[in-house]
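The exercises below are to be worked with the sequence and the coordinates side by side. Each task is followed by a solution that proceeds step by step.

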Amino acid sequence: MGIATSPTLTEAKVPNSGSRLTVLFWFQALVMVGLVGVLYAQVLADMANDWWTDPAASQGLLIPPLALYVAWTRRNLTFAQLRTADNYGLVLTGFACLLYILGKLGAEFFLPRISFVILLAGLAWTFWGPRRLKTLAFPLLLLATMVPLPALLYNALAAPLQLFASDVSTNLAQALGIAVYRDGNVITLAGIQLGVEEACSGLHSLSALMVASLLLGFLVCPRVSVRVVLFALSIPLSIAVNILRITGTCIIADYREEYALGFYHSFSGWLVFIAGFAVLYAIAKGLNWLSRPRDRRAQ
């Protein structure tokens with residue numbers, strides 16, 4: 001005589017329970033995304049407007065897609081890590097909220113903007129755990145570079161860099177036999193005066209080459225120590241190429257004024273970045289080669 005069996009009460013509820021958990025998860029995720037969107041919609045819109053209108057922050061337009069692309073290429077590594085919810089991530093999340101509140105109360109733009117990146121890190125830590133957060137460290141670091149420098153820090157750096165670039169460029173031009181005189185940020189030649197404005201301080205190329213050094217370090221240099229050295233070298237390199245730009249303008253202005261104030265002045269910004277990126281790439285390859293063991297260098 002056969003005996004008919006039926007699933008137990010617990011077994012019968014498993015599919016329904018799993019479906020409810022899935023619906024609950026997506027509901028919680030949508031609520032979280034909605035709250036973050038409402039909180040940061042105006043902050044992100046204002047920052048995007050700065051990227052579009054301010055040349056000093058224009059590289060920010062490229063950074064979010066690059067960060068998302070890097071995170072996407074590392075998705076297998078990220079999801080291979082064990083997902084362990086960690087309440088310690090709430091500390092970082094709370095810190096991000098505190099920065100947001102302080103920035104809003106102080107009518108300061110930098111704190112709410114950088115708090116968005118910190119909040120993403122805190123949420124990843126809270127819901128995914130520290131192991132998955134570690135795999136997302138570089139995309140989050142790259143994403144942080146999209147935030148323009150605070151106005152106070154930018155202005156504090158711009159003036160000394162302007163004077164330094166003017167002084168060194170004047171000395172180089174004089175060494176090349178050009179009659180030139182400097183008064184502050186104004187370089188006087190025989191028939192023209194060149195003003196080294198804030199845009200020529202080197203901060204534009206500095207921020208762009210610093211981001212480029214992060215990408216090159218990630219793509220070319222497997223060792224973290226080499227990436228740090230490459231990032232540090234991008235700072236003096238950006239200042240040096242900007243000085244060469246100003247010196248080149250002085251040389252061309254001494255020869256033909258209209259050339260220095262026309263096409264060259266507009267094109268030299270891109271030329272400086274391309275030259276700096278090429279040198280930075282060569283440095284990255286050289287540092288990567290030097291960091292290898294001796295037996296591997298000969299291969």
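A residue is called buried when its relative accessible area is under 20%, exposed when that value is over 50%, and partly exposed in between. The model is a predicted one.

**Exercise 1. Classify I187 as buried or exposed, and state how far its C-alpha atom is from that of C250.**

Solution. Begin with the location: I187 belongs to strand β2, which covers residues 186-188. Next, take the relative accessible area of I187, which is 0%, so that I187 is buried. Finally, turn to the pair of C-alpha atoms: those of I187 and C250 are separated by 8.3 Å, although the two residues are 63 residues apart along the chain.

**Exercise 2. Apply the same reading to T93 and to F110, and give one C-alpha separation for each.**

Solution. T93 sits in helix α4, residues 89-105, and with a relative accessible area of 13% T93 is buried. Its C-alpha atom and that of I118, 25 residues apart along the chain, are separated by 7.2 Å. F110, for its part, is found in helix α5, and its relative accessibility of 24% places F110 among the partly exposed residues. Between the C-alpha atoms of F110 and A151, which are 41 residues apart along the chain, the separation is 8.5 Å.

**Exercise 3. Find the salt bridge, and describe which parts of the chain it links.**

Solution. Side chains of opposite charge can pair when their charged atoms come close. The criterion needed here is a side-chain nitrogen of Lys or Arg within 4 Å of a carboxyl oxygen of Asp or Glu, and by this rule the count comes to one salt bridge. The partners are R113 and D50, whose closest N and O atoms are 2.8 Å apart. The pair links distant parts of the chain, with R113 in helix α5 and D50 in helix α1, 63 residues apart. As to accessibility, R113 is buried because its relative accessibility is 5%, whereas D50, at 24%, counts as partly exposed.

**Exercise 4. Characterise the largest pocket by its volume, its lining and the helices that contribute to that lining.**

Solution. The volume of the largest pocket is about 1,200 Å³. Its lining comprises 31 residues, of which V33, L120, L123, A124 and W128 are the closest to the centre. Sorting the lining residues by chemical class gives 27 nonpolar, two polar and two charged. To assign the lining to helices, note that α1, α2 (63-73), α3 (75-80), α5 (110-128) and α7 (137-144) each supply at least two residues; the largest share, 10 residues, comes from α1.

**Exercise 5. Which residues form a nonpolar patch on the surface, and is F27 buried or exposed?**

Solution. The nonpolar patch consists of L24, F27, V31 and L35, which together have about 390 Å² of accessible area. F27 lies in helix α1, which spans residues 9-53. Its relative accessible area is 54%, and therefore F27 is exposed.

**Exercise 6. Examine the backbone of A107: where is this residue found, and what is its phi?**

Solution. Most residues other than glycine have a negative phi. A107 is not a glycine, yet its phi is positive, at about 50°. A107 is found in the loop between α4 and α5, and with a relative accessible area of 66% A107 is exposed.

How values were computed: Residues numbered from 1 in each chain as written. Predicted model: local features only at pLDDT ≥ 70, side-chain atom pairs only at ≥ 80, totals over all residues. Heavy atoms only, no water. Patch = residues over 30% accessible without salt bridge, like charges linked within 9 Å, V, L, I, M, F, W, Y side chains within 5 Å. Areas by Shrake-Rupley, 256 points an atom, 1.4 Å probe, with all protein chains shown as cover. Helix = DSSP H or I, 4+ residues; strand = E, 2+ residues; numbered from the N terminus. Buried < 20%, exposed > 50% of the residue type's maximum accessible area, 1.4 Å probe, protein only. 1 Å grid on protein atoms, 1.4 Å probe; cavity = no way out; pocket = protein on both sides within 12 Å on 5 of 7 lines; lining within 4 Å. Points joined across faces, edges and corners; volume = space filled by probe spheres on them. Nonpolar A, V, L, I, M, F, W, Y, C, P; charged D, E, K, R; others polar.
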